[in-house]
Amino acid sequence: MDKIIQKTKNFVKEALAGDSTGHDWWHTERVYNMAVFLAQKEKADCFIAELAALLHDIDDWKFNQNAEKTGTKKARDWLSSLKLDVTTANHICQIIDEMSFKGAKTQKNLMSSLEGKIVQDADRLDAIGAIGIARTFAYGGFKGRPLHDPTLPVVLHTTFETYKNHQGTTLNHFYEKLLLLKDLMNTTTAKQIAQERHIFMEAFIKQFLDEWNAKL
Ligand code: NI
């Protein structure tokens with residue numbers, strides 16, 4: 001099993017090389033480490049959570065033009081090459097399929113297994129806190145978004161299309177997505193971690209706006 005995990009790490013590292021959207025190998029490694037932690041705390045199947053965490057972004061629509069059409073193709077091809085049993089491979093693909101975030105109001109918590117809930121929590125935890133802030137500004141730069149524009153309203157998305165095509169500001173993205181994530185955590189352990197990271201983001205936003213408005 002350790003061998004399978006190591007081989008998969010190498011495969012994903014190569015597949016994500018050169019990504020600059022915040023979904024690089026280091027994101028995957030953080031999600032993987034958090035998934036291992038949560039799986040132990042929540043007494044889930046660690047092997048399933050580990051593989052799903054490692055493969056969760058390799059078919060992602062955010063940096064793969066055809067990902068909406070390919071779905072979990074890369075993940076599935078890789079799992080077939082490992083010759084895992086069908087039930088395990090299907091479970092992992094189902095997790096990857098169920099977990100991508102598609103706009104604030106469009107997302108219901110659909111994860112059908114504990115391992116899925118854990119990997120989704122691990123992925124969402126990496127979107128908040130200090131790393132969440134850093135990733136959000138990096139991604140905003142990649143998309144050419146302004147840091148902040150006080151004249152632009154916050155838009156809560158009701159469909160995947162409006163979320164995907166939305167050209168907002170990075171600061172608004174905190175209200176449109178990041179500050180909503182703590183209430184979307186599935187597991188008790190993740191809820192506790194999210195609460196701390198949430199408070200940190202609120203403090204950051206307050207400081208940001210104070211500086212923006214020359215409020216000392
Ligand atoms: Ni991810």
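User: What lies 2.7 Å from a polar atom of the side chain of histidine 56?

Analyst: The backbone oxygen of alanine 53. A polar contact is a pair of N or O atoms within 3.5 Å, where within protein one must be able to donate a hydrogen and the other to accept it, and residues adjacent in sequence count only if both atoms are side-chain atoms. This is a predicted model, in which local features need pLDDT of at least 70, side-chain atom pairs count only at pLDDT 80 or more, and totals for chains, interfaces and linings use all residues. Residues are numbered from 1 along each chain as its sequence is written, and side-chain values use heavy atoms, with hydrogens and water left out.

User: Why is histidine 56 called buried or exposed?

Analyst: Buried means under 20% relative accessible area, exposed over 50%, and partly exposed in between (1.4 Å probe, protein chains only). Histidine 56 has 6%, so histidine 56 is buried.

User: Which residues are in contact with histidine 56, leaving aside its neighbours within four places in sequence?

Analyst: They are His27, Thr28, Val31, Ile96, Met99, Val119 and Asp123. Contact means heavy atoms within 4.5 Å.

User: What does isoleucine 92 touch, not counting residues up to four places away in sequence?

Analyst: Isoleucine 92 touches Ile48, Leu51, Ala52, Leu55, Leu79 and Leu84.

User: Why is valine 154 called partly exposed?

Analyst: Its relative accessible area is 40%, which falls between the two cut-offs, so valine 154 is partly exposed. Valine 154 lies in the loop between helix H8 (129-142) and helix H9 (160-165).

Methods:
Helix = DSSP H or I, 4+ residues; strand = E, 2+ residues; numbered from the N terminus.
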